[in-house]
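User: Please take me through the reasoning behind the contact and sheet assignments for this model, one step at a time.

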Amino acid sequence: MKDDNARKPEATSGVSRRDFMKISAVTAALPVVLGPNLVHAAGEDVPIQGPGKVTVTLNVNGKKLTATLEPRVTLLDALRGPLDITGAKRVCDRGTCGACTVLLDDKPVYACSILAIDAQEAKITTIEALGDADKLSPVMQAFVEHDAQQCGFCTPGFIVATTAFLKQHPKPTADDIRHGLNGNFCRCGTYNGIRAVALLQQGGKQS
Amino acid sequence: MTQYSWPDPALRPLLGKRIDRVDGPSKSSGRAKYTYDYNPQGLLAGKILRCPYAHAKITSLDTSAAEKLPGVKAIEVIQGPGTEIFWAGDEIVGVAAVDESTCEDAIRAIKVEYEVLPHFVSDAEPPKNIATDTGPISKDEFEDMLDNQVPDEQVVAHIQHNGISFKPTEKDLASYKGEGADSSILTALQKAKFVAAESKPKSPYKKTAVKTTGSPDKAFASAAAVSEGLYGASCIVHSCLETHGSATEWPGDKEMVVHISTQNVSGIAAQLAEPLSVPAGNINVLQQNVGGGFGSKFSVDRWDVTTARLSQKAGGKPVKNMLDRKAEFEVAGMRPSAFARVKLAADKNGKLVAWESRSWGTGGIGGGGTPPLPYIFEVPNQRSQNTAISTNQGSARAWRAPNHPQAAVITMGAIEDLAARLKMDPYDMMLANMDIAGPRAQTYREEFAIADQLMDWKKNWHQRGDTTPGNIKRGMGLSIHTWGGRGHNSTQDFIINPDGSVVIKLGTQDLGTGCLTIISIVAADTLGLPLDAVKVMYGNNHYPQSGGSGGSTTSGGVTSSTRRGAINARDALFAKVAPSLNAQPEDLEVRAGRVQVKGDTSRSLSWKEACARMGAVPLTVRGQNPDKNEPPDLTNSGVGGVQMADVSVDTETGIVRINKMVAVQDCGLVVNVKTAESQVYGALIMGISYALYEEKILDPVTGRVLNPNLEFYRLAGLSDIGELKVHMMTGKGYDERGVIGLSEPPVVSPGAAISNAVANAIGVRVPFLPLTPDRVLEALEQGGANASL
């Protein structure tokens, strides 16, 4: 999650507050939906998203999906709202609990902490692409067998995180698990089962 | 007359085995749908403008600018000018708009002015000689007492002592009765003296009368050992991962569909009918899955009524309004705090002889719960008094085993401290007092022995204070607990179709407890069918009524109604097919998918063949718990549990780590060992969380919650839990009692066991949960005496 240099919005740095006020004043009168504007600021042309709704194209689970939304909308809310992909859950909505975990270019991220407009270049994978109720992935199957779920609200995020973790640590030690799966919260208290999934699924050793 | 009973242990193909939860695949694959996921075409977003002050009066309100914003579809003023607000976060205006962004803009455009009033949010020990409120009980205060499950006799005493400032109508009384208020309370209300509400500022402190049994002073004077200490647990928040909320639409003028995150599918429509003036029969309540409740989701909340009104104003379009996390912390319930100064005495053999406690705590504006003190142990000589503190914060709601975890921390802490004074192992002291441990004493004895084996308690326990060198100190602690857990009212349609498929319909819900799975197990087990032959339809108030899931009442209720329904269905089927097997109905049995003559497998039909003989019409019967005309119900009440904790405490940093916890738990007949164990593991983890990390912190200056989010309100993570061992009591002495609920009991003891383990490790008592590093270091510095909040 720390490595966020890939999709920094290029726009924000080069625009002064006065420029921004001017842009707001101009665009307020324009049609609701806009693409990126080019604004001449600090001696160069800078693309600006919004204000007002913009068209966002996201590559989700191998499909190009388009939505019209405010630039302030997070990837999570874009997925759950206009795109109706609801496996990732909104819980803390500020990058703490992991219930919204999705893969961005195969790396687990908190979808509540990324703007949809900034995720447009990336390959997004949600729980829905990892398996289905009648065709569970091995990690999903292990969650069922070890009863690593109760109310189930944290489960999709945990499964995406566990899937990515086991890919990185095919034979995790107990210590790897303590560190690697500590970024998701469960309120019902299913960690015992999740720990068993991570340990036994991949034949790791208790340490 | 039909004989209802659980099957003989030898004839239970599914019952009591370890079975995967039936809704596991839908949850694991992310396909399970929750209220929060409801997302139909044309869905409008709803949001609530909330009061930023802990105590204030609204002086003016202007929504005109918000109404003009493009995309805003409806605005509903919830509390208007002149209204006094008693806690921060209370609802002022509801907004519906095309999306959440527009709702946020609209809320910013609403102008509200307040007259800010003084607030009080401290639950510190009441100062000595403070004026206490002796005024009459208001309607709100009374209803808060009910919500907080204040013990019946205390509510009655309170009403008799202070009088009431409202006149309960017949309708009120009926509604209290419906919520489960005891008849003694209703009688007290009817007989109460009416006292006009006082206009002078109220004291936040309400003292109960002193309760005395025996001769405590005499007993203390002649005791071999007396221990005095300070114990307690802070306010914590349910923190359901799915916040409270609902989505409502109106397909017709007087016809409403509500998707709601609830523990009480069958009980919602009646609560919505009155404020919305719609017949309850026109309200369809739906919920497939719920992301946690823990006691906080029984009622329709004001914001749910607002959501329905917004939808109405927006032409009936669906409006979804789920609380944001901050509001969830401010207004959607908490567990009341409870603290106490306790004096406890024993004779030289460790037999408890005298108890004295002065306790206090808050549950919000209504005062707070009263922990049952002393917990479990009926000490012969007692004196106790409780002070409820009214604070300007959102009200408490039932939290898993209301008042028991606090009572356990206070009582088991005092016992541990007294044992340390006598240089006695608390294990031995508890066993020495089993004669005053109530009806579950024998259960505790058996559980102590098993817990000892799982923890190696007798081998590893040391006297108070780890004397090994270094800053890491290790210690062990224990606690015991009890709960009722009798099954609630539950009715269901039990249907056998001519093609052999089986359908059960009931208005229940599965909070993640495995409720659906145990219904399926009981039905399939009774009919000799595989688990997947049974389909359970639930989460809809148009199905037969089944109780709310609270107080560990669901497992007993739904398994009893299912067993009874399945037996009724089976017998009805036998009556239809007996002639074709040349037998009497009572001579038939079902075994492994066949209907056969008992003891003669040559005269049999496959399940499908048997069902085909019914003709074209499905067979529908009722299953009901309880049924006074045809007893017995198949549930029971009263369980016992023993828990032990092994912790390490770093005396330099004050950080407590869990090494291991053991839980030995009884819940009568265990229907599914796998999901039952999960409940207990979950309770241990939730207990670790409230013992070490969780605390709702209120700012005395602003009166607001300082940590209304999941980064500063910390929940236990996977790295915090240590090794966990769970043992369910089964077999003789347990199975034949019938099914008893399990959700509350195992969450009672972890805080007490962990607190005791920390005292055993570092040699001093850290008085209050959570045992955060600052509290641990303070206790070490002060040598355990006079630690403050």
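User: How many residues of chain A and of chain B are in contact, and what makes them count as such?

Analyst: The model is a predicted one. Two residues are in contact if their C-beta atoms, placed from the backbone, lie within 7 Å. By that criterion, 49 residues of chain A are in contact with 46 residues of chain B.

User: Which elements give two or more residues to the side of chain A that touches chain B?

Analyst: Four helices of chain A do so: H3 (127-130), H4 (138-145), H5 (155-168) and H7 (191-201). The most comes from H7(A), with five residues. By class, that side of chain A holds 14 charged, 14 polar and 21 nonpolar residues.

User: What makes S18 and S24 of chain B a pair?

Analyst: Pairing requires at least two bridges between the strands. Strand S18 (490-496) and S24 of chain B share seven bridges in the antiparallel sense, so the requirement of at least two is met. One of the residue matches is B:Gln492 with B:Gly623, the latter in S24(B).

User: In what order do the strands of that open sheet run, and which are called edge strands?

Analyst: The order is S20-S19-S18-S24 in chain B, with mixed pairing. Strand S20 (534-537) and strand S24 (619-625) of chain B are the edge strands, as each pairs on one side only. On average, neighbouring strands of this sheet are turned by 20° against each other, direction ignored.

User: Which helix packs on this sheet by touching S19 and S20 of chain B, and which lies across S18, S19 and S24 of chain B?

Analyst: Helix H16 (515-527) of chain B touches strand S19 (502-505) and S20 of chain B, and its direction makes about 140° with that of S20(B). Helix H17 (554-577) of chain B lies across S18, S19 and S24 of chain B and runs at about 145° to S24(B).

User: Why are S17 and S27 of chain B said to stand at the edges?

Analyst: They belong to a second open sheet of chain B, ordered S17-S25-S26-S27 with mixed pairing. Strand S17 (472-483) and strand S27 (723-728) of chain B each have a single partner strand, so one side of each has no neighbour in the sheet. Neighbouring strands here are turned by 15° against each other on average, direction ignored.

User: How do you know that S25 and S26 of chain B pair?

Analyst: Strand S25 (639-650) and strand S26 (656-665) of chain B are joined by nine bridges in the antiparallel sense. Since at least two are required, the strands count as paired. Among the matches, B:Val649 has B:Val656 of S26(B) as its bridge partner.

Technical notes. Residues are numbered from 1 along each chain as its sequence is written. Chains are lettered from A and ligands numbered from 1 in the order in which they are written. This is a predicted model: local features need pLDDT of at least 70, side-chain atom pairs count only at pLDDT 80 or more; totals for chains, interfaces and linings use all residues. Ala, Val, Leu, Ile, Met, Phe, Trp, Tyr, Cys and Pro count as nonpolar, Asp, Glu, Lys and Arg as charged, and the others, Gly among them, as polar. Axes are lines fitted to C-alpha atoms, for helices over the stretch in contact, and angles run from 0 to 180 degrees between N-to-C directions.
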